[in-house]
Amino acid sequence: MTPFEPLDRAELAGAATDVARNLLGTVVVRDDGAGLRVGRIVETEAYGGPEDRASHARAGRTSRTSIMFGPAGRAYVYLVYGLHHCLNVVCGADGEAAAVLVRAVQPIAGIERMRRARGAAGSDAKVAAGPARLCEALGIDRSLDGLDLLTDDRLRLAAPGTGPARLEPGEQVVVGPRVGISYAGPEWATRPWRFGIAGHAALSRPFPTAA
DNA sequence: ACGCGGATGGCCT
DNA sequence: GGCCATCCGCGTA
């Protein structure tokens, strides 16, 4: 396997929008004891604190969201629509709520396990293209909520090489509005807080083309 | 190529 | 009691 380096926690302690952009190209390593599954992050979204009407932290610190207010580098895993899980990377300063939703990964290793976990539909590139799909493909659920993504063997964040430049030559970052949060109102629903690798086959859905 | 609705349960008011 | 940071399958073209 390629020499993945652990991410720097200080890097994750920055603003959610910076972290969301810089996580593109890093990898999620899942080890459930029965083999590794690795996915390269190709799509993210930034979420803020109580001021962000689209964030789970909009209601302040609650039992579900308290992890978002903690130190950077932990996993925030929640259940949405009663049946799907979503994975976030907690970021920002300790005491402030911020997180990055991981929306899509490109399968790198353990692809057959991912396909099996998902019921074997679609192409390899689309097996983890979507926040709930990637959790199903990697076997991520609430039992992993709160773990430290920089030290825990079950679920780890790493990167090929150090530093923020992790995209392949020719790859470009594309931005757009966050998905599925129109209830938050125009001011928040239109912010370009969704980040992706332009044109990548593993994106959950296309980015709207510039007006 | 679209649009629509059902599944399903935790969380907040 | 109402609302979701979703996905899939079915319907009409």
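In what follows, Ala, Val, Leu, Ile, Met, Phe, Trp, Tyr, Cys and Pro count as nonpolar, Asp, Glu, Lys and Arg count as charged, and the others, Gly among them, count as polar. The structure is a predicted model, and this grouping of residues helps in reading its largest pocket and the surfaces that face its DNA strands.

The largest pocket has a volume of about 690 Å³, and 30 residues line it, with Tyr78, Val80, Tyr81, Cys86 and Pro131 lying nearest its centre. The elements that contribute two or more residues to this lining are β3, β4, β5, β6 and α4, and among these it is α4 that gives the most, with 4 residues. By class, the lining of the largest pocket divides into 16 nonpolar, 6 polar and 8 charged residues.

Tyr81, one of the residues nearest the centre of that pocket, deserves a closer look. Tyr81 lies in the loop between β4 and β5, and its phi angle is near 55°, which is a positive value in a residue other than glycine. Is Tyr81 buried or exposed? Its relative accessible area is 69%, and because exposed means over 50%, Tyr81 counts as exposed. Tyr81 is also one of the residues around DNA strand B, and this leads from the pocket to the DNA.

The residues around DNA strand B are Ala59, Thr62, Arg64, Tyr81, Gly82, Leu83 and Arg142. Of the atoms of DNA strand B that come within 4 Å of the protein, sugar and phosphate account for 59%. Two of the polar contacts with this strand involve side chains and phosphate oxygens: an N or O atom in the side chain of Thr62 is 2.5 Å from a phosphate oxygen of DNA strand B, and a polar side-chain atom of Arg142 lies 3.4 Å from a phosphate oxygen of that strand. Gly82 instead faces a base, since a backbone N or O atom of Gly82 lies 3.4 Å from a base nitrogen of DNA strand B. Sorted by class, the surface near DNA strand B has 3 nonpolar, 2 polar and 2 charged residues.

DNA strand C is surrounded by 18 residues, of which the closest are His84, Asn88, Arg118, Arg133 and Tyr183. Sugar or phosphate holds 58% of the atoms of DNA strand C within 4 Å of the protein, and the rest belong to bases. The elements β5 (84-90), β6 and α4 (131-138) each supply at least two residues of the surface near DNA strand C, and the largest share, 3 residues, comes from α4. Within α4, a backbone N or O atom of Pro131 lies 3.3 Å from a phosphate oxygen of DNA strand C, while a polar side-chain atom of Arg133 lies 2.5 Å from a phosphate oxygen of DNA strand C. A polar side-chain atom of Arg103 likewise lies 3.4 Å from a phosphate oxygen of this strand. The residues of this surface divide into 10 nonpolar, 5 polar and 3 charged.

Strand β6, which contributes to the surface near DNA strand C, spans residues 99-109 and includes Ala99. With a relative accessibility of 1%, Ala99 is buried, because buried means under 20%. Which residues is Ala99 in contact with, once its neighbours within four places in sequence are left aside? They are Ala16, Glu45, Ala46, Tyr47, Met68, Asn88, Val89, Val90 and Cys91. Arg30, by comparison, is 69 residues from Ala99 in sequence and 20 Å from Ala99 in space, C-alpha to C-alpha.

Two aspartates complete the picture. Asp52 sits in the loop between β3 (36-47) and β4 (75-80), and it counts as buried because its relative accessible area is 0%. The side chain of Asp52 reaches the backbone nitrogen of Gly48 at 2.9 Å, and, leaving aside neighbours within four places in sequence, Asp52 is in contact with Tyr47, Arg58, Arg178, Trp188 and Trp193. Asp152, for its part, is found in the loop between α4 and β7 (155-160), and its relative accessible area of 17% means that Asp152 is buried too. The side chain of Asp152 reaches the backbone nitrogen of Arg154 at 2.9 Å.

Notes:
Residues numbered from 1 in each chain as written. Chains lettered and ligands numbered in written order. Predicted model: local features only at pLDDT ≥ 70, side-chain atom pairs only at ≥ 80, totals over all residues. Heavy atoms only, no water. Buried < 20%, exposed > 50% of the residue type's maximum accessible area, 1.4 Å probe, protein only. Contact = heavy atoms within 4.5 Å. Polar contact = N/O pair within 3.5 Å; in protein donor to acceptor, adjacent residues only side chain to side chain. Near = heavy atom within 4 Å. 1 Å grid on protein atoms, 1.4 Å probe; cavity = no way out; pocket = protein on both sides within 12 Å on 5 of 7 lines; lining within 4 Å. Points joined across faces, edges and corners; volume = space filled by probe spheres on them.
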